[in-house]
Amino acid sequence: MRPNFPSSTTGAKKGIPYLFIGTVWLLFMAFMPTTNAQNSSQLFYLLPKAASDTVTLADSSVRKPISIEQRIQQNQQFLNTVQEIKAGLMKAPDTAFMQNQIPVIELVLQRIREQSLAEQSTVNLRFLNELENLIIGYNQQVNKWQQQIDAKAIDFIELGKKLNRIQEFLDQEKSLVVTDGLQAYFEQKEILQQRFSSVDSMYATKRMAGLRIQTQLSGIKIQLNELLESVRSRQTSFRRDLLKRDSPYLWQSHAITSEKPFSQVIEETLILNRVILRHYLETKYGWLMLVVVIFIMVYFGIRNMIGKIYRTKDFSNLILDRSKYLRYSPFLGAALILLAIGPYLFSFPPYLLILSFLFGSILVTTFLIRIVLDRQSMLLWYLMVVSFFVFGASNLITQLAQQEKWYLMGFSILGIGIGYRLLKLIKEKQELFPVNLPYLVYFFIGMQLLAVGCQIIGRFSLGKLLGIASTLSTMQGISLYVFVLVLMEAIYLQSELSKENQKDYANYLNYQAIYSRLKKIFSFLALLMWLYLLLVNFSVNQALADLVLAFLQETRTIGNTSFTYGSILVFFLLIWISSVLAKNIAYFASIRDSQNLQQRNKRLGSSILLIRLAILTLGFFLAVTASGLSLDKLAIVLGALSVGIGFGLQTIVNNLVSGIILAFERPIQIGDVIEVGGRSGIVKDVGIRSSTLQAYDGSEVIIPNGDLLSQHLVNWTLSDKSRRVELLVGVAYGSDLEKVHAIIEKIIAQDGILSFPVPNILVHNFGDSAVEFRILFWVANFDQWLQVKNKVLREIYLAFARENIEIPFPQRDVHLKHKEVTKHPPASELE
């Protein structure tokens, strides 16, 4: 009997809902969005633990089979991972630039080793310093590249782990048999295989390129360290032998022989310096663009300042007369600012770049000082410019060339003559030259005399070094002086332009005070710049820096405490900088307050103390952090200080706390008129421990801050600057009081006397010889009340005289009584 199967049509109809539900579920699972974190966790969960755990559809005896939905989802997750890996490989830094630069660096290092550092080479000290800067610059660049490659290598390791997991998955899935039900899955798997192969090939290519570059950089790093050691060894030998004779005496100059013609030496010098400069600037294009942008901003800023002053200031000519250089040429002023600071914007610049900035600053200075120097002084300056060019060009020569001896000695003698003539001009026309210029001229003459002496006794290298350093440093010192003047002019113009009152201009005394303070600050910075390039010209900057750093960084021990002089220097240096900043910020804030005397709420006043305390506190903690001082040791010191405070520093702490209270409560401000302790005057400064009172007699009274809080304080200008004036005027008995009242009322109805509160004229008292009137009125400005009082009294006196009103004065009647004196003595005397 044949089994009774259900109808195929009926079964198909019953299976349609289940097929529809299964299809929807499959699509939902395949395209369900998941986060990266979910993908990662699911990948780690779904990946087999070992190669033997190959999953097949029939592997139900080992582990639970993975459904087709899970396999599709797993494929999709791996596709997303492959896409992420590809994106990461595309974002990896391009190594093409490194691949192009590494052979060039290797070639340069090979040339240095073969030609410049060979035993038979005759390079000079300046060129050795140039090589040192070049090697240090290459070292910095290689370190930067190594950091990029190392960071990239770490990323490659993570990407490789992800690719290995995907490869393991694809290898495990090879055992699956293609069936009709898995056709879509295998098509998706084929797409994954293709994308994986492409990404894996890209990964291998980039990884090999990175490994190759990493190996090359390691080799270059080793070469750079070896060359740097060799260069510094040659420098040490050269400096050690600098005082030894390296050329014939002057009277034996006919014995000078040269292996190369001087023209060939110059040609090789130009080629080598050009190569060094080109290789240096290839990595500094960004800095060069920054220099150009700074110049454009400074030039247009100065030009706009001058134009606005012309348009908006009524006293524009008076203001611009104090700015002779910038008024003469904003372009030259901006160029001098940029050229003066240019050499300090680059790290380890080659000498040709430094010389270019110096020559540019000297050229600009030449055009600027023409407006202040006479013809004779300018002639001496032109001769110095020629000497500067000759010595600067001679310093570019990279080999010991004895042919330079005669013209270098000739220009040294010329420089000595220029120096002596300049000293005479300074004595004759002191107003044309800076006060400290004679010291620079004495330095120049002394160095040139030593240079000539060294040339005579056969110390060619030392004589050349002294002549070059003295000439270049002297010219740079003069250029830096003009640079400081230009900077101060720019700051002065900006301060004038920032004033709200367009009809106001700087008080001459304030201008001189600001000028003096700014000159000290900028002159100190210019001195540091000059000293740095002086050491560069003497070719001892790097050696001295290494010596100083070794001395400062050496660990020293006292008892159980270890320290370095460097940490102590950093500590005191930061404390000094913070104190200078606090002092100068307070000074310029007081200048700002002096311009707002009429508006007390716009003045910083005693709040300047808080600013100073904040700067000093921040500087102290920065100094502690930068110097590496231990905080627990600092706590011990502070504890010891607290004991000292408890015993002997109560007064100082009291004044300090009182100063802080004054800063917060602001009962007094800088510029207020106060009375305290029987003294009156104007508050000039609110310090940390004490405040300064400018008395009306010109004396300055130092008042501890504690006294300002403990004693009765009268502030005449706390809420406003108005003041009541009280006058007592007496008239003779019998005067017409109404007429007197009317005269006084008319007089006090004048400008300078407020109409509200209303002035009062009162009969005050019947005195011994006069009827006294009490006159009360208000003036708006406390600073003018004495002038107003004087004017009112003078007018009252003149008006009373015109109206025949007597102002009496005290009179006394003296009566002399005469008593007759008896001629007979008293009875007691007779007895």
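The following exchange examines burial and salt bridges in a predicted model.

Trainee: Why is Ser722 called buried?

Mentor: The relative accessible area of Ser722 is 18%. Buried means under 20%, so Ser722 with its 18% is classed as buried.

Trainee: Where is Ser722 found, and which residues does Ser722 touch, not counting residues up to four places away in sequence?

Mentor: Ser722 belongs to the loop between strand E7 (713–715) and strand E8 (723–731). With residues up to four places away in sequence left out, Ser722 touches Trp716, Leu754, Trp778, Val779 and Ala780.

Trainee: How many salt bridges does a search of the whole structure find?

Mentor: The search finds seven salt bridges. One of them joins Glu132 and Arg232.

Trainee: What makes Glu132 and Arg232 a salt bridge?

Mentor: The closest N and O atoms of Glu132 and Arg232 are 2.9 Å apart. A salt bridge requires a side-chain nitrogen of Lys or Arg within 4 Å of a carboxyl oxygen of Asp or Glu, so this pair qualifies at 2.9 Å.

Trainee: How do you know that the pair links distant parts of the chain?

Mentor: Glu132 lies in helix H5 (residues 125–172) and Arg232 in helix H6 (residues 183–240), 100 residues apart.

Trainee: Why does Glu132 count as buried, and why does Arg232 count as partly exposed?

Mentor: Glu132 has 2% relative accessibility, which is under 20%, so Glu132 is buried. Arg232 has 28%; partly exposed covers values between 20% and 50%, so Arg232 is partly exposed.

Trainee: What makes Asp321 exposed, and why is Arg327, with which Asp321 forms a salt bridge, called partly exposed?

Mentor: Exposed means over 50%, so Asp321 with a relative accessible area of 52% is exposed. Arg327 has 31%, between the two cut-offs, and is therefore partly exposed. The closest N and O atoms of this pair are 2.7 Å apart, within 4 Å.

Trainee: How do you know that Arg774 forms a salt bridge with Glu726, and why does the pair tie together separate parts of the sequence?

Mentor: The closest N and O atoms are 2.8 Å apart, which is within 4 Å, so the pair is a salt bridge. Arg774 lies in strand E10 (residues 771–779) and Glu726 in strand E8, so parts 48 residues apart in sequence are tied together. Salt bridges that share partners join Arg724, Glu726 and Arg774 into one network.

Trainee: Why are Arg774 and Glu726 called partly exposed?

Mentor: Arg774 has a relative accessible area of 24% and Glu726 one of 37%. Both values fall between 20% and 50%, so both residues are partly exposed.

Note on methods:
Residues are numbered from 1 along each chain as its sequence is written. This is a predicted model: local features need pLDDT of at least 70, side-chain atom pairs count only at pLDDT 80 or more; totals for chains, interfaces and linings use all residues. Side-chain values use heavy atoms; hydrogens and water are left out. Helices (H or I, at least four residues) and strands (E, at least two) are DSSP runs, numbered from the N terminus. Buried means under 20% relative accessible area, exposed over 50%, partly exposed in between (1.4 Å probe, protein chains only). Contact means heavy atoms within 4.5 Å.
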